[in-house]
Amino acid sequence: MQDATQNGERKFNIRKLELTDKNKGFIELLQQLTICNSVSDKEFQDRFQELSVYGDDHLICVIEDKGSGKLVATGSVFIEKKFTRSCGKVGHIEDVVVDATVRGMHLGKEIIDFLTKHAQLMGCYKVILDCKEENQPFYEKCGFKPKEIQMVKYFI
């Protein structure tokens with residue numbers, strides 16, 4: 001496996017999503033994960049502003065390749081506020097993807113670590129995610145364990 005550094009210097013930078021990231025391949029990155037049609041600049045800006053209202057309760061992080069300026073990984077976490085567990089909070093991790101050209105460089109683990117640390121700092125008592133069976137070993141290496149069954153009902 002390759003490392004995310006080159007000559008002892010970090011080649012990648014992990015940070016929060018920025019408005020200018022649409023032009024750095026954010027949508028194309030999501031298209032490697034799931035159905036994600038093209039998004040106009042206005043649609044991207046509107047959704048970015050809509051999500052920014054939630055502050056730290058909805059965080060999208062990205063990893064940028066310092067050399068090319070392109071985004072090579074992303075993931076998000078949103079914080080659910082509950083009545084159970086003494087009005088506890090749960091972090092939900094979603095939309096984790098690493099560009100096919102840089103898989104094996106531990107960037108997925110960096111995304112998961114960043115998101116889980118954020119959830120913990122926000123006071124969550126747990127963080128959960130759904131994944132394909134084929135990705136289960138990766139998430140187990142990140143400290144997650146299988147629990148119960150995921151269910152879904154699509155409207156479109």
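This is a short tour of a five-stranded sheet, the helix packed on it, and a salt-bridge network at one of its edge strands.

The model is predicted, so to speak of local features a pLDDT of at least 70 is needed, side-chain atom pairs count only at pLDDT 80 or more, and totals for chains, interfaces and linings use all residues. Residues are numbered from 1 along each chain as its sequence is written, and side-chain values use heavy atoms, with hydrogens and water left out.

**Stop 1: the sheet**

Select strands E3 to E7. Helices (H or I, at least four residues) and strands (E, at least two) are DSSP runs, numbered from the N terminus. Two strands count as paired if DSSP finds at least two bridges between them. The five strands make an open sheet in the order E3-E4-E5-E6-E7, with mixed pairing. E3 and E7 (126-129) are the edge strands, each pairing on one side only. From one strand to the next, the twist averages 20 degrees; axes are lines fitted to C-alpha atoms, for helices over the stretch in contact, and angles run from 0 to 180 degrees between N-to-C directions. Strands of a sheet pair through backbone hydrogen bonds, either parallel or antiparallel.

**Stop 2: across the sheet, strand by strand**

Start at E3, residues 12-16. E3 pairs with E4 in the antiparallel sense over five bridges; select Phe 12 and find Asp 65 of E4 opposite.

Move on to E4, residues 58-65. Seven of the eight residues of E4 are buried, where buried means under 20% relative accessible area, exposed over 50%, and partly exposed in between (1.4 Å probe, protein chains only). E4 runs antiparallel to E5 (residues 71-81), joined by seven bridges, and Leu 59 has Val 77 of E5 as its bridge partner. Five residues lie between the strands of this hairpin, and there Gly 69 takes a positive phi near 80 degrees.

E5 is also mostly covered, with eight of its 11 residues buried. E5 and E6 are antiparallel over eight bridges; select Thr 74 to see its partner in E6, Val 97.

Finish at E6 (residues 89-98), which pairs with E7 in the parallel sense over four bridges. His 92 is bridged to Ile 128 in E7.

**Stop 3: the helix on the sheet**

Select H4, residues 107-121. This helix packs on the sheet and touches E3, E4, E5, E6 and E7, contact meaning heavy atoms within 4.5 Å. The direction of H4 makes about 25 degrees with that of E5.

**Stop 4: Arg 15 and its partners**

Return to E3 and show the side chain of Arg 15, which at 11% relative accessibility counts as buried. The structure holds 12 salt bridges, a salt bridge being a side-chain nitrogen of Lys or Arg within 4 Å of a carboxyl oxygen of Asp or Glu.

- Asp 21 meets Arg 15 at 2.7 Å, N to O; both residues are buried.
- Glu 18 forms a salt bridge with Arg 15, the closest N and O atoms being 3.7 Å apart. Glu 18 is partly exposed, at 35% relative accessible area.
- Glu 64 and Arg 15 meet in a salt bridge at 2.8 Å, N to O. Because Arg 15 lies in E3 and Glu 64 in E4, the pair ties together parts that are 49 residues apart in sequence. Glu 64 is buried, at 14% relative accessibility.

To end, select Arg 15, Glu 18, Asp 21, Lys 24 and Glu 64 together: salt bridges that share partners join them into one network.
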